[in-house]
Amino acid sequence: PSQIDLANEVFSPPKNEVEKALRIIEELKKAAQEGKGAAQLDGRMIDAASARMAENIVNINNLIQEKK
């Protein structure tokens with residue numbers, strides 16, 4: 001149906017949100033390698049809850065991109 005492309009566009013996370021989510025995941029991986037449970041990104045603390053939200057954004061984006 002013709003609505004699929006529009007729906008994918010509307011429900012895709014914004015590019016800057018995906019990029020930030022990827023940065024969060026990367027910073028937390030670095031922190032984990034140093035034995036830390038939290039990190040700082042852009043002056044804000046990030047932790048496991050931040051990672052889960054970031055992973056959700058990345059996963060949603062990946063699923064939509066696969067369908068295009």
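## A walk through a predicted helix-and-strand model

Setting aside residues up to four places away in sequence, Val 18 touches Pro 13, Ile 57 and Asn 61. The model in which these contacts are found is a predicted one, and Val 18 is a useful place to enter it. Val 18 belongs to helix 2, and with a relative accessible area of 10% it falls under the 20% limit and therefore counts as buried. A further relation in space concerns Ala 49, which is 31 residues from Val 18 in sequence and, from C-alpha to C-alpha, 16 Å away.

From this residue one can step back to the chain as a whole. The protein contains 3 helices and 2 strands, and their order along the sequence gives the pattern α-α-β-β-α. The radius of gyration is 15 Å, which is well over the 11 Å that the globule rule gives for 68 residues, so the protein is more spread out than a compact globule. The box filled by the C-alpha atoms, taken along the principal axes, is roughly 50 × 20 × 15 Å. Of the 68 residues, 28% are buried, and the accessible surface of the protein comes to about 5200 Å², with 53% of that area belonging to carbon and sulfur atoms. Among the contacts with a separation of 6 or more, 51% are accounted for by residues 24 or more positions apart.

The interior comes next. The largest nonpolar core has 13 residues, and those that touch the most other members are Ala 21, Ile 24, Leu 28, Ala 39, Ile 46 and Ala 54. Two or more residues of this core come from each of helix 2 (15–33), strand 1 (39–41) and helix 3 (48–67), and it is helix 2 that gives the most, with 6 residues. Ala 54 shows how such contacts are arranged, since, leaving aside neighbours within four places in sequence, Ala 54 is in contact with Ala 21, Ile 24 and Ile 25. Ile 24 appears again in the surroundings of Ser 50, a residue of helix 3 whose contacts, with neighbours within four places again left aside, are Ile 24 and Met 45. Although its side chain is polar, Ser 50 has a relative accessible area of 13% and is thus buried.

Which residues does Asn 8 touch, not counting those up to four places away in sequence? They are Ile 64, Lys 67 and Lys 68. Asn 8 itself is found in helix 1 (residues 3–11) and is buried, its relative accessible area being 13%. Is Phe 11, also placed in helix 1, buried or exposed? With a relative accessibility of 61%, Phe 11 counts as exposed, because the limit for that class is over 50%. Phe 11 joins Leu 6 and Val 10 in making a nonpolar surface patch of about 350 Å².

The charged side chains can be followed in turn, and the count of salt bridges comes to 3. In one of them Arg 23 pairs with Asp 42, and the closest N and O atoms are 2.8 Å apart. Because Arg 23 lies in helix 2 while Asp 42 lies in the loop between strand 1 and strand 2 (44–46), this pair ties together parts that are 19 residues apart in sequence. Arg 23 is partly exposed, at a relative accessible area of 38%, whereas Asp 42 is exposed, at 54%.

Another salt bridge is made by the side chains of Glu 27 and Lys 30, with an N to O distance of 3.5 Å. Why are these two residues separated by about one helical turn? The reason is that Glu 27 and Lys 30 are 3 residues apart in helix 2. Both are classed as partly exposed, Glu 27 with a relative accessible area of 23% and Lys 30 with one of 38%. A further salt bridge links Lys 36 with Glu 34, the closest N and O atoms lying 3.3 Å apart, and here Glu 34 counts as exposed, at 56% relative accessibility.

Terms used. Residues are numbered from 1 along each chain as its sequence is written. This is a predicted model: local features need pLDDT of at least 70, side-chain atom pairs count only at pLDDT 80 or more; totals for chains, interfaces and linings use all residues. Side-chain values use heavy atoms; hydrogens and water are left out. Helices (H or I, at least four residues) and strands (E, at least two) are DSSP runs, numbered from the N terminus. Buried means under 20% relative accessible area, exposed over 50%, partly exposed in between (1.4 Å probe, protein chains only). Contact means heavy atoms within 4.5 Å. A nonpolar core is a set of buried Ala, Val, Leu, Ile, Met, Phe, Trp, Tyr and Cys residues joined through side-chain atoms within 4.5 Å. Patches are made of residues with over 30% relative accessible area and no salt bridge: like charges are joined within 9 Å, nonpolar side chains (Val, Leu, Ile, Met, Phe, Trp, Tyr) within 5 Å. Accessible areas come from the Shrake-Rupley method with a 1.4 Å probe; for residues, only the protein chains shown count as cover. A salt bridge is a side-chain nitrogen of Lys or Arg within 4 Å of a carboxyl oxygen of Asp or Glu. The radius of gyration is taken over C-alpha atoms; the globule rule is 2.2 Å times the number of residues to the power 0.38.
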